[in-house]
Amino acid sequence: MQIRKSGAKYSAIVGIGERIRKQSVETGEEYLLLNRGVNAVCNVDIDPIVQNIDFNSNAMQVYPPAQGRQELREAINQHYFDNKSKLANISVSGGGMSALDLTFQTLNVDQILLPEYYWGSYFQVMTIREIQSGTYTNFDNLLNRLPEIKNSAVIICDPNNPIGNKVDDKEILKTVDILNNNGTTVIIDSPYRRIFCDQDDQFYQDLLEFENVIIVESFSKSLGLSGQRLGFIHSTNTEFNTELGIRLMYATNGINAFSQILVANLLTSEQGKMARQNFKEITVEGIRQNINFLQKKGLLASEFYTHSKALGIFVIVNKSEEELLEKRIGSVSLSYFTKTKKTEAAQYARICVSVPPDKFKHYFDNF
Ligand SMILES: Cc1ncc(COP(=O)(O)O)c(C=O)c1O
């Protein structure tokens, strides 16, 4: 059998998880798993919503439309764009990862520029799709290279994974405006943003005026539903949407109907609103307490938060992956998230701070 090898690597984070699990079994001790990227302060309570879903229906049992169920796309338009976009601009995807893959395949660009510290999967998906990668250090760095990046795409992930910092929205919009006018495509992949805000957030509406902007979103983090594998892609560019629609059709033949019905309910019903708000309030408060605790203990790597705020759900601590593991805390070395600063990054680790504060404090009090 001949195999077309992509050269992409399996996720290092999965490997770290396996190592911690093995160590936990061997020692019989419990570990605090901060290596993962999921909200674990609480679950979103979907029981009351599921009780109202008719499982013996065509909506549930028959192929959904390839671009996504109309009801969900309408809910997305309402919830994220205050109804100011069009359904033709919204395509439902099987989570953010698949949305990014489809976006990367569809674009014809010289390269895709990633932040200095970035989520490794961007690079792996680009490797599979044979797309060149580049790096930018900050927004000024992009603005100083406008002629060079005319036919490139730039990924903006804010709050950032792995740093967990939040840049001021005004600064993001100012930069997007210049890049958009320069002909540079901007991919806004910010799945952590909507944990910290809800329907009243204006940001996505403000992006509607830009034809070279693609928004990739996910319900994995903002609704705590990574198991449902649901997200969406939004663009106002008709040519992009047409080609994306074709690729989406042949990659998926439609996305799981249950997850679409569930999320549409969470976005539109009164019960859904309550479930969403409870989940977000408890999660954000837990994250806030954990970051404050790290700050007080001098464990937050404050050098990463001089121009922007540490928001979560990740932060960088000034301990290495090994030092944390000695205290039974799972983390991911910051060196996994950079190509340009590997040596310096090895003394830091990324941890997920979206866990119950009492448990978090218990483990970090060992420092
Ligand atoms: C920055 C970023 N984008 C996208 C995703 C994709 O998540 P999902 O495929 O679960 O929607 C993740 C997941 O960890 C992420 O960290």
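**Figure 1. The ligand in its pocket.** In this predicted model, the ligand takes up the space of the largest pocket. Two elements each give two or more residues to the shell around the ligand: helix H5, running over residues 95-106, and helix H10, covering 219-222. Of these contributors, H5 gives the most, with 3 residues.

**Figure 2. The shell around the ligand.** Here we look at the company the ligand keeps. There are 14 residues around the ligand, and those that come nearest are Gly96, Asp189, Tyr192, Ser218 and Ser220. What is the make-up of the shell in nonpolar, polar and charged residues? The shell divides into 6 nonpolar residues, 5 polar ones and 3 charged ones.

**Figure 3. Polar contacts to oxygen atoms of the ligand.** This view picks out three residues, taken one by one. From the side chain of Asn161, an N or O atom lies 2.8 Å from an oxygen atom of the ligand. Met97 takes part through its backbone, where an N or O atom is 2.9 Å from a ligand oxygen atom. With Lys221 it is again a side-chain N or O atom, placed 3.1 Å from an oxygen atom of the ligand. How much of the ligand's accessible area does the protein cover? On its own the ligand has 390 Å² of accessible area, and the protein covers 92% of that.

**Figure 4. Two cis peptide bonds in loops.** As a reminder, most peptide bonds are trans. Asp158 and Pro159, however, are joined by a cis peptide bond, with omega at about 0°. Pro159 sits in the loop that links strand E5 (153-156) to strand E6 (165-166). Another cis peptide bond is found between Gly312 and Ile313, and its omega is about 5°. Follow the chain from strand E10 (309-310) to strand E11 (314-317), and you will meet Ile313 in the loop between them.

**Figure 5. A positive phi at Asp82.** Most residues other than glycine have a negative phi. Asp82 is not a glycine, yet its phi is positive, at about 50°. Where is Asp82 found? Look in the loop between helix H4 (70-81) and strand E2 (90-93).

**Figure 6. The whole chain, as a backdrop to the close-ups.** The protein chain holds 16 helices and 14 strands. Its radius of gyration is 20 Å, close to the 21 Å that the globule rule gives for 367 residues, so the chain is as compact as a globular protein of that length. Taken along the principal axes, the box filled by the C-alpha atoms is roughly 55 × 55 × 55 Å.

Note on methods. Residues numbered from 1 in each chain as written. Predicted model: local features only at pLDDT ≥ 70, side-chain atom pairs only at ≥ 80, totals over all residues. Heavy atoms only, no water. Near = heavy atom within 4 Å. Polar contact = N/O pair within 3.5 Å; in protein donor to acceptor, adjacent residues only side chain to side chain. Areas by Shrake-Rupley, 256 points an atom, 1.4 Å probe, with all protein chains shown as cover. 1 Å grid on protein atoms, 1.4 Å probe; cavity = no way out; pocket = protein on both sides within 12 Å on 5 of 7 lines; lining within 4 Å. Sits in = over half its atoms within 2 Å of the grid points. Helix = DSSP H or I, 4+ residues; strand = E, 2+ residues; numbered from the N terminus. Nonpolar A, V, L, I, M, F, W, Y, C, P; charged D, E, K, R; others polar. Rg over C-alpha atoms; globule rule 2.2 N^0.38 Å.
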